[in-house]
Amino acid sequence: MNYSILKNLWKQSLNNRSFLLGIVLSLIMILTGLISIFWTPFPVEIFDISHKLEGPSAKHWLGTDHFGRDMTSMLMAGAWNSMLVSLFAISLGAGIGIPLGVFAAGKSGWVEELVMRFNDFAFAFPALLTAVMISAIYGPGIINSVIAIGIFNIPVFARISRGSALVIYKLEFILAARISGKNEFQIAFEHILPNILSVLIIQSTIQFALGILAEAGLSYLGLGTQPPQPSWGKMLSEAQTMMFIAPQMAILPGIAIVLTVLGLNLLGDGLRDILDPRLRDKN
Amino acid sequence: MTIFLVKRFFVFVITLFVASLVIFFLLEILPGDPASIILGIGAQDDTLAALRLEMGLNLPAPERYYSWIKGILYGNFGKSYTYDIPVYSLIIERLSLSIPLALLAISLSTFLAIPLGVFAAANHKRIADTSIMGFSQLGLAVPNFWFAILLILFFSVKLGWFSAGGFAGWETGFGAGLKSLTLPAISLALPQAAILARVTRSAVLENMDKDYIRTARAKGLSKKAALWRHAVRNALIPVVTILGLQLSFLLAGTIIIENVFYLPGLGRLLFQSISQRDLVVVKNIVMLLAATVVTINFLVDIIYVIIDPRLRDNS
């Protein structure tokens with residue numbers, strides 16, 4: 001990619017409101033999560049019952065929960081946990097889905113049919129259902145969430161990479177690459193992947209947001225991240241039992257989820273406008 | 001068209017078959033001994049042996065699979081270990097809540113989202129469009145269970161209009177039953193409506209650019225008539241696809257929402273069965289949900305062909 005294209009992309013990025021708002025929100029969340037690995041205002045595992053359900057103060061910026069834990073620290077650590085689950089799940093989904101999709105597009109015939117039928121099949125198991133089955137046998141846990149959300153992402157990535165790869169496979173430079181003696185793997189890796197990368201990046205951003213929502217849902221049900229590890233979903237389910245005494249506990253984790261998902265969705269929209277201008281007015 | 005239908009039906013049956021195999025493998029073969037999972041670590045040997053016999057676990061796997069499928073076809077889903085009643089009657093009882101809830105949610109989201117999406121497309125790049133899209137962006141980011149908690153906080157805790165959870169039961173009257181399902185249905189419908197409105201808007205906008213709309217307008221049709229009579233009708237295909245997909249998500253969504261509102265529906269039964277390790281119930285509910293999704297996808301494909309005559313000829 002030469003300098004003028006990069007300069008043009010940079011200019012477009014600065015003019016795209018979705019992208020700017022999205023990247024600011026996402027960066028804030030990612031930084032918050034990263035900081036929480038090294039530092040939180042208070043340790044999240046330690047109960048301090050004498051200071052339970054306190055309002056915001058100079059000591060506890062966002063108050064404390066029913067066990068006296070600092071809400072700011074809980075939210076920070078929760079950010080890291082939910083992003084980590086979503087990130088691993090997306091990697092699992094993309095790692096299997098993209099090769100499947102590209103392979104299906106390149107092979108066509110029964111291989112393609114088989115991959116697409118597998119897709120239809122995998123769609124029959126929403127992440128929640130898979131997580132339920134895994135938990136029924138192995139008990140709940142953070143790995144469950146990664147596997148369940150990851151499995152659900154496989155057909156999503158397979159479908160989108162097949163769709164985009166089909167278009168590229170028809171282009172002349174692929175024929176040229178074939179004639180020059182490159183094998184299927186080289187063609188897929190050197191020619192197809194770079195050309196569908198922008199679509200995949202956009203999709204990953206959206207799936208990342210969906211992953212955060214799914215993780216929150218699973219941990220809300222108690223099937224995902226387990227205590228004492230804080231997670232936004234778990235915080236909400238605890239808050240629900242305290243709703244009549246401390247309604248504020250139910251507000252903050254929800255806002256954290258909304259801001260993160262909103263940021264990622266806006267980032268995805270912005271990236272699509274910048275990287276794929278044909279779609280700009282349609283969505 | 002007949003060939004298409006037969007082929008599609010064949011795929012439908014195969015998908016169901018594979019789904020049942022996967023569920024059977026995951027819940028009966030993979031755990032090793034389902035009886036010891038159900039009874040827990042401290043179980044006595046003779047109790048374990050009795051349960052194995054009762055569940056037919058001493059039979060070879062293919063035979064167990066065959067009798068499970070045969071049972072399902074005859075409406076015999078086995079017996080729940082925790083409730084000690086047939087799983088079939090448990091499921092039927094819970095469906096009397098979950099089906100109305102899902103239908104209520106999908107109708108709410110459709111009646112809200114399609115007009116909003118069309119309205120946004122008709123007012124493309126104007127304030128109405130921007131605000132509808134802004135709200136839908138927000139709707140996409142709000143987890144349905146948090147929205148449900150907010151609804152409870154406002155309408156139950158603060159205003160006291162609705163109960164914070166539980167189901168009045170249909171026997172107390174249709175109105176009372178419907179009232180208990182109102183907040184859950186709204187919380188399920190919101191994220192769905194956000195997606196549906198966006199898809200409707202995109203699909204209508206895409207069709208508004210097409211030549212046939214220009215022809216219709218040149219013929220003297222008003223913008224509104226061209227929009228409703230031509231663009232919206234043609235935009236229905238992607239909308240129906242998303243509606244079909246949403247129904248599947250809705251079924252999964254009820255698992256969470258029924259837990260938020262403590263509603264005795266299928267989702268809550270599934271959730272409770274996991275904590276009680278009642279694998280027989282889990283297996284059958286998961287199969288039922290997966291079969292519903294597969295059936296909906298099958299029906300959506302058939303509906304396509306009915307809505308769009310062009311597909312009829314091609315297929």
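## A walk through chains A and B

Ile296(B) is found in helix α12 of chain B. This is a predicted model, and Ile296(B) is a good place to enter it. Is Ile296(B) buried or exposed? Its relative accessibility is 13%, so Ile296(B) counts as buried, because buried means under 20% relative accessible area. Now look at what surrounds it. Leaving out residues up to four places away in sequence, Ile296(B) touches Gly244(B) and Leu247(B). Take Leu247(B). Along the chain, Leu247(B) and Ile296(B) are 49 residues apart, and their C-alpha atoms are separated by 7.7 Å.

Stay with helix α12 of chain B, and move to Asp301(B). Which residue does the side chain of Asp301(B) meet in a salt bridge? The partner is Arg8(B), with N to O at 2.5 Å. Arg8(B) lies in helix α1 of chain B, so the pair ties together parts that are 293 residues apart in sequence. The two partners differ in cover. Arg8(B) has 13% relative accessibility and so counts as buried. Asp301(B), at 22%, counts as partly exposed.

Helix α1 of chain B also holds Ser20(B). Ser20(B) counts as buried, because its relative accessibility is 2%. Which residues are in contact with Ser20(B), once neighbours within four places in sequence are left aside? They are Tyr65(B), Trp68(B), Ile69(B) and Met287(B).

Now step back to chain B as a whole. The domain assignment gives domain 1, residues 2-73, and domain 2, residues 94-309. Each side of the contact between them supplies residues: 17 from domain 1 of chain B and 17 from domain 2 of chain B. How far apart are the C-alpha centres of these two domains? They lie 32 Å apart.

Another salt bridge in chain B joins Arg201(B) and Asp129(B). Their closest N and O atoms are 2.6 Å apart. Arg201(B) sits in helix α8, residues 174-208 of chain B, while Asp129(B) sits in helix α6, residues 127-141 of chain B. This pair links distant parts of the chain, 72 residues apart. Both Arg201(B) and Asp129(B) are buried.

Next come two loops of chain B. Asp84(B) is in the loop between α4 (61-73) and α5 (87-122) of chain B. Its phi is near 55 degrees, a positive value in a residue other than glycine. Asp84(B) counts as partly exposed, because its relative accessibility is 49%. Tyr262(B) lies in the loop between α10 (223-260) and α11 (266-275) of chain B. Tyr262(B) is not a glycine, and its phi is positive too, at about 50 degrees. With a relative accessible area of 43%, Tyr262(B) is partly exposed.

Cross over to chain A, and find helix α4, residues 110-123. Why should this helix span 20 Å? It has 14 residues, and the expected span is 1.5 Å times one less than its number of residues. The end C-alpha atoms of the helix are 20 Å apart, which agrees. Several residues of α4(A) are buried, including Val111(A), Val115(A), Met116(A) and Phe121(A). Polar names appear among the buried residues as well, including Glu112(A) and Asn119(A). What covers the buried residues of α4(A)? The cover comes from both chains. It includes α3 (71-107) and α6 (142-169) of chain A, together with α1 (2-29) and α12 (279-307) of chain B.

Chain A also has a nonpolar patch on the surface. Among its members are Leu27(A), Ile30(A), Phe38(A), Trp39(A), Trp61(A) and Leu62(A). Together, the residues of the patch have about 1000 Å² of accessible area. Trp61(A) is found in the loop between α2 (17-38) and α3 of chain A.

Finish with the charged pairs. In chain A, the side chains of Lys182(A) and Glu190(A) meet in a salt bridge, 2.8 Å from N to O. Lys182(A) counts as partly exposed, because its relative accessibility is 28%. Glu190(A) is at 39%, so Glu190(A) counts as partly exposed too. Which residues form a network of salt bridges? Asp269(A), Arg272(A) and Arg198(B) are linked in this way, so here residues of chain A and chain B come together in one network. How many salt bridges are there over all chains? The count comes to 11.

Key:
Residues numbered from 1 in each chain as written. Chains lettered and ligands numbered in written order. Predicted model: local features only at pLDDT ≥ 70, side-chain atom pairs only at ≥ 80, totals over all residues. Heavy atoms only, no water. Helix = DSSP H or I, 4+ residues; strand = E, 2+ residues; numbered from the N terminus. Buried < 20%, exposed > 50% of the residue type's maximum accessible area, 1.4 Å probe, protein only. Contact = heavy atoms within 4.5 Å. Patch = residues over 30% accessible without salt bridge, like charges linked within 9 Å, V, L, I, M, F, W, Y side chains within 5 Å. Areas by Shrake-Rupley, 256 points an atom, 1.4 Å probe, with all protein chains shown as cover. Salt bridge = Lys/Arg side-chain N within 4 Å of Asp/Glu carboxyl O. Domains from an automatic or database assignment.
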